[in-house]
Amino acid sequence: MGSLSRGRALFTGGSHHQNIVCGRAHQIGAITLIAATFLLTRALDRLYYFPIPSSSPLSVVSGEPSVGTLFLSSGSLAWPHRGYGTSLSLRIYVYEESEVDGLRELMRGRDGKISVESCLKGQWGTQVKIHHLLLKSKFRTLKKEEADLFFVPSYVKCVRMNGGLNDKEINQTYVKVLRQMPYFHLSGGRDHVFVFPSGAGAHLFRAWAIFLNRSIILTPEGDRTDKRPISSFHTWKDIIIPGNVDDGLTTFYGSRIVQPLPLSKRKYLANFLGRAQGKFGRLQLLELGKQYPDKLESPELQLTGPNKLGRVEYFTHLRNAKFCLSPRGESSWTLRFYESFFVECVPVILSDQVELPFQNVIDYTLISIKWPSTQIGPQLLEYLESIPDGAIESMIARGREVRCLWVYVSESEACSAILGILWELQRKVRRFHQSAETFWLHNQSFVNGDLVEFQRWRTPLPLP
């Protein structure tokens, strides 16, 4: 019998090959197994994926009964299980300013004179708030060997604005700090977290592309390619965080500065209360305000002088319109977007490149409008005017549900910005980290290129 005949015999007969005979019964069994596997897979998909009701502003994907709501029946913040886990179980090590040479300068300036209080205000306040909240967090660990992630505190935007360090000093100090961190070199920075809270993003550290290109960056800014050849924000590793809204406006999800007005009492259809800064979109809004002064409040504001709005005056004006227009300024994000939720006007985003926080959870189409910046003109006002008050009230009510995620208060609260950030950080955790500087041996020990064990690495470490 030839080889072809012998091969056919394996599948067609012969008592000595009964263990691999494939008859009709086996074929039916195989088809049944395939069908069962398909149905089981579909069933598992349904178990872990729930379609989101169109009426909910929150896209919560979980196995909990209260799908589509911000809170679970237990009162805790809901978050999607897929990719995040069913509960927070992070371990974060927070570097002390005294343990790393140079870290104090990034927090207080070259002379140590920049106060923490001065850095709590303004758009850079998130650097301080996130740091302080993590210091008190139940997810903080004091043992580096236990940590899933490492948080590197820095108030560098505030320090720079207050003259504590110049750009060259910032760059040099960051490099010095990184050379004092063996665990940063062990993972190539993949498990280290940095906050850059302004429109400049990580570009405040000029050499970020060399040293932080694998690290996790927390920033409200998703795009700066208008002024930079590359963006320092990458969706696969970085996290968009909410801007630092005035504490008086967000006090436990309500305002002690101003209270929202009923829609029927609001004077304007829309407003834009910001400086033009020579930006085309903002200049268009100033001209539109002159053409339609009864519909759009858009004064020519200045940083100082008589055309500046004070803190209370600004929010009093902001609440007096149904829609709050949020064009891009020096960068794509704007704090006005977040402020809108607390004076309860519907934010209208006029910034094409903007990135928004917690997009896996919040359905922004239900709480805001994004309009092309190339279509700023009478057609924008006509569109806004066509929206019935009932739809506006609905969007405001849904925004009221999610605005707690813009507030930097303790993680012990049912909902807060830091809880959202912790969930997003958990999604970034990987059990195994390695870098081009890291090698390992048969006994699970890590060594460097000179075969020196990790425990014996000495600082300052050589730069990659």
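This section describes the strands, helices, disulfides and unusual backbone features of a predicted model.

An open sheet of five strands is arranged in the order β7-β6-β8-β9-β10, and its strands pair in the parallel sense. The edges are occupied by β7 (296-297) and β10 (369-370), each of which has a single partner strand, so one side of each is left without a neighbour in the sheet. At one of these edges, strand β9 (residues 346-350) runs parallel to β10 and is joined to β10 by two bridges. Within this pairing, Ile349 is found opposite Lys370 of β10.

Helix α11 (residues 311-318) has Tyr314, Phe315 and Leu318 as its buried residues. Viewed down the axis of α11, these buried residues fall within an arc of 90°, so they line one face of the helix. An α-helix has 3.6 residues a turn, so residues three or four places apart point the same way. The cover over the buried residues of α11 includes two strands of the sheet described above, β6 (268-271) and β8 (321-327), together with the helices α9 (247-250) and α12 (335-343).

Parallel pairing also involves strand β3 (residues 192-195). Two bridges connect β3 with strand β2 (residues 149-151), and the two strands run parallel. Phe150 has His192 of β3 as its bridge partner. With strand β4 (residues 216-219), β3 forms three bridges, again in the parallel sense. Here Phe194 stands opposite Ile217 of β4. Both faces of β3 are covered, since His192 and Phe194 on one side are buried, as are Val193 and Val195 on the other.

Helices α4 and α15 pack against each other at an angle of about 75°, and their axes are 11 Å apart. The two helices are therefore roughly perpendicular to each other. On the α4 side, the contact is made by Ile130, Leu133 and Leu134. The residues contributed by α15 are Ile418, Ile421 and Leu422.

Three disulfides are present in the structure. When the bonded cysteines are numbered in sequence order, they pair as 1-2, 3-4, 5-6.

One disulfide joins Cys119 and Cys158, with an S to S distance of 2.0 Å. Cys119 is located in the loop between α3 (103-108) and α4 (125-135), whereas Cys158 belongs to helix α5 (residues 156-161), so the pair ties together parts that are 39 residues apart in sequence. The torsion about the S-S bond of Cys119 and Cys158 is about -80°, so this disulfide is left-handed. Both Cys119 and Cys158 are buried.

Another disulfide links Cys324 to Cys345, with an S to S distance of 1.8 Å. Cys324 is part of strand β8 and Cys345 lies in the loop between α12 and β9, so the pair ties together parts that are 21 residues apart in sequence. This link is left-handed, with -105° about the S-S bond. Cys324 and Cys345 are both buried.

The sulfur atoms of Cys404 and Cys415 are 2.1 Å apart and form a further disulfide. Cys404 and Cys415 are eleven residues apart, and each is placed in the loop between α14 (389-402) and α15 (417-428). With 80° about the S-S bond, the link of Cys404 and Cys415 is right-handed. Both of these cysteines, Cys404 and Cys415, are buried.

Several individual residues show notable backbone geometry. Thr459 and Pro460 are joined by a cis peptide bond, for which omega is about 0°. Pro460 is located in the segment after β12 (446-447).

A positive phi in a residue other than glycine occurs at Phe358, where the value is near 55°. Phe358 is situated in the loop between β9 and β10. Its relative accessible area is 3%, and buried means under 20%, so Phe358 is classed as buried. Gln444 likewise has a positive phi, near 65°, and is a residue other than glycine. Gln444 occupies the loop between β11 (439-440) and β12. At 63% relative accessibility, Gln444 passes the cut-off of over 50% and therefore counts as exposed.

How values were computed: Residues are numbered from 1 along each chain as its sequence is written. This is a predicted model: local features need pLDDT of at least 70, side-chain atom pairs count only at pLDDT 80 or more; totals for chains, interfaces and linings use all residues. Side-chain values use heavy atoms; hydrogens and water are left out. Buried means under 20% relative accessible area, exposed over 50%, partly exposed in between (1.4 Å probe, protein chains only). Helices (H or I, at least four residues) and strands (E, at least two) are DSSP runs, numbered from the N terminus. The arc is that of the directions from the helix axis to the C-beta atoms. Contact means heavy atoms within 4.5 Å. Two strands pair if DSSP finds at least two bridges between them. A disulfide is a pair of cysteine sulfur atoms within 2.5 Å. Axes are lines fitted to C-alpha atoms, for helices over the stretch in contact, and angles run from 0 to 180 degrees between N-to-C directions. Angles under 35 degrees count as roughly parallel, over 145 as roughly antiparallel, 65 to 115 as roughly perpendicular and the rest as oblique.
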